[in-house]
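Thank you for making the time today. I would like to walk you through one structure, going from a single pair of helices out to the chain as a whole.

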Amino acid sequence: MGGYLMIIAVVDSYYRGTYIVYDKLWRESDLCKFAGFISTFSSELSVFTLTIITLDRLIVIIFPLKLRRIGIKEAVIAMLLLWIVAFILSLIPLVGIEYFHNFYGRSGVCLALHITSKKPNGWQYSVAVFLAVNLVSFLIICVSYLWMFFVAKKTRSAVRKNEARSDTAMARRMTIIVLTDFFCWIPIILLGFLSLGGVKVPPEVYAWIAVFVLPLNSALNPVIYTISTAPFLRNFRKRASYFRKSFTGSVKTDTKHSFLDSSVGKFVDLMNRDKQI
């Protein structure tokens with residue numbers, strides 16, 4: 001996604017003030033097709049990955065004894081399959097099929113999202129991938145986290161202060177996960193269905209989606225799913241504490257040696273002075 005945004009930013013700067021002259025040339029260029037490919041690949045792979053993570057958590061919390069949790073080997077296989085599926089979905093419009101003529105060049109930001117009342121080539125494919133698949137994935141994520149929260153809350157035999165605090169933290173975390181997916185995909189899905197109903201969407205909406213809405217998940221997911229997790233924070237605090245102790249220890253040692261060296265230096269100076277006297 002970062003590569004896609006970089007391409008759009010560079011091209012925007014290059015054609016600034018004269019874009020209308022090169023609009024068709026840019027939208028039919030190989031670079032535009034590549035930008036659309038990596039944008040679709042990134043966004044769809046993100047959606048698939050979040051869905052798999054959600055299903056894994058659902059198995060652990062809802063069916064801990066009935067179903068076996070996904071292991072490292074199964075996770076590697078699952079992710080490999082997701083990468084292949086996302087790659088194929090993004091590549092199909094570029095294999096030369098007439099149905100997909102200039103699929104990624106339907107807008108100046110090289111997005112194939114169907115948020116227009118027109119019916120360009122490949123619009124059914126765009127609706128199926130960006131609207132139907134992503135809507136199903138969002139519903140799975142939303143329902144699963146709500147299910148997990150209520151089951152985890154219900155299984156507590158007695159509510160204590162620490163458990164209530166844990167419930168609050170869990171609810172806050174799940175709310176952030178669902179809301180980031182909501183603000184990323186629901187506007188696109190709603191605009192898509194509105195356009196199918198004949199509503200005219202302004203062309204500027206494409207630019208806003210390209211530079212803000214789509215990258216939202218890509219920017220926040222590392223924080224939500226990795227950096228803010230307890231194991232990561234625990235390891236980070238441990239390393240920070242070790243570094244702080246090592247640093248303060250070395251400073252104390254250096255200070256001690258400096259004091260000793262200074263004392264020895266003064267003693268030597270006094271001895272030399274006595275000898276001269």
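Before the first pair, one definition: an axis here is a line fitted to C-alpha atoms, for helices over the stretch in contact, and the angle, taken between N-to-C directions, runs from 0 to 180 degrees. Please also keep in mind that what you see is a predicted model.

Let me begin with helix α1, residues 2–14, and helix α3, residues 30–62, whose axes come within 8 Å of each other and cross at roughly 150°. The crossing of α1 and α3 is left-handed. On the α1 side the residues involved are Gly3, Tyr4, Ile7 and Val11, and they meet Leu31, Phe34, Ala35, Ile38 and Ser39 in α3. If we sort the residues of this contact by character, seven are nonpolar, two are polar and none is charged.

Staying with α3, we also find Ser46 in that helix. Is Ser46 buried or exposed? Its relative accessibility is 16%, and because the cut-off for buried is under 20%, Ser46 counts as buried. Leaving aside residues up to four places away in sequence, Ser46 touches Asn217 and Asn221.

Those two asparagines, Asn217 and Asn221, are among the buried residues of helix α7, a list that also includes Val205, Tyr206, Ile209 and Pro215. Helix α7 covers residues 204–227, and at 1.5 Å a residue its 24 residues should span 34 Å, so the 34 Å between its end C-alpha atoms agrees with that expectation. There is nevertheless a kink of about 45° in α7, and the kink is centred on Pro215.

Let me turn now to the loop between α4, residues 72–91, and α5, residues 123–154, which is where Asn102 is placed. As background, most residues other than glycine have a negative phi. Asn102, however, has a positive phi, near 50°, and it is not a glycine. Cys110 lies in the loop between α4 and α5 as well, and it too is a residue other than glycine with a positive phi, in this case about 60°. With a relative accessible area of 0%, Cys110 is buried.

Finally, the chain as a whole: it has eight helices and zero strands. Of its 277 residues, 34% count as buried. Among contacts between residues at least 6 apart in sequence, 73% join residues that are at least 24 apart.

Technical notes
Residues numbered from 1 in each chain as written. Predicted model: local features only at pLDDT ≥ 70, side-chain atom pairs only at ≥ 80, totals over all residues. Heavy atoms only, no water. Helix = DSSP H or I, 4+ residues; strand = E, 2+ residues; numbered from the N terminus. Left-handed = near helix turned anticlockwise from the far one by under 90°. Contact = heavy atoms within 4.5 Å. Nonpolar A, V, L, I, M, F, W, Y, C, P; charged D, E, K, R; others polar. Buried < 20%, exposed > 50% of the residue type's maximum accessible area, 1.4 Å probe, protein only. Expected span 1.5 Å × (residues − 1). Bend = angle between axes of the 7 residues up to and from the residue.
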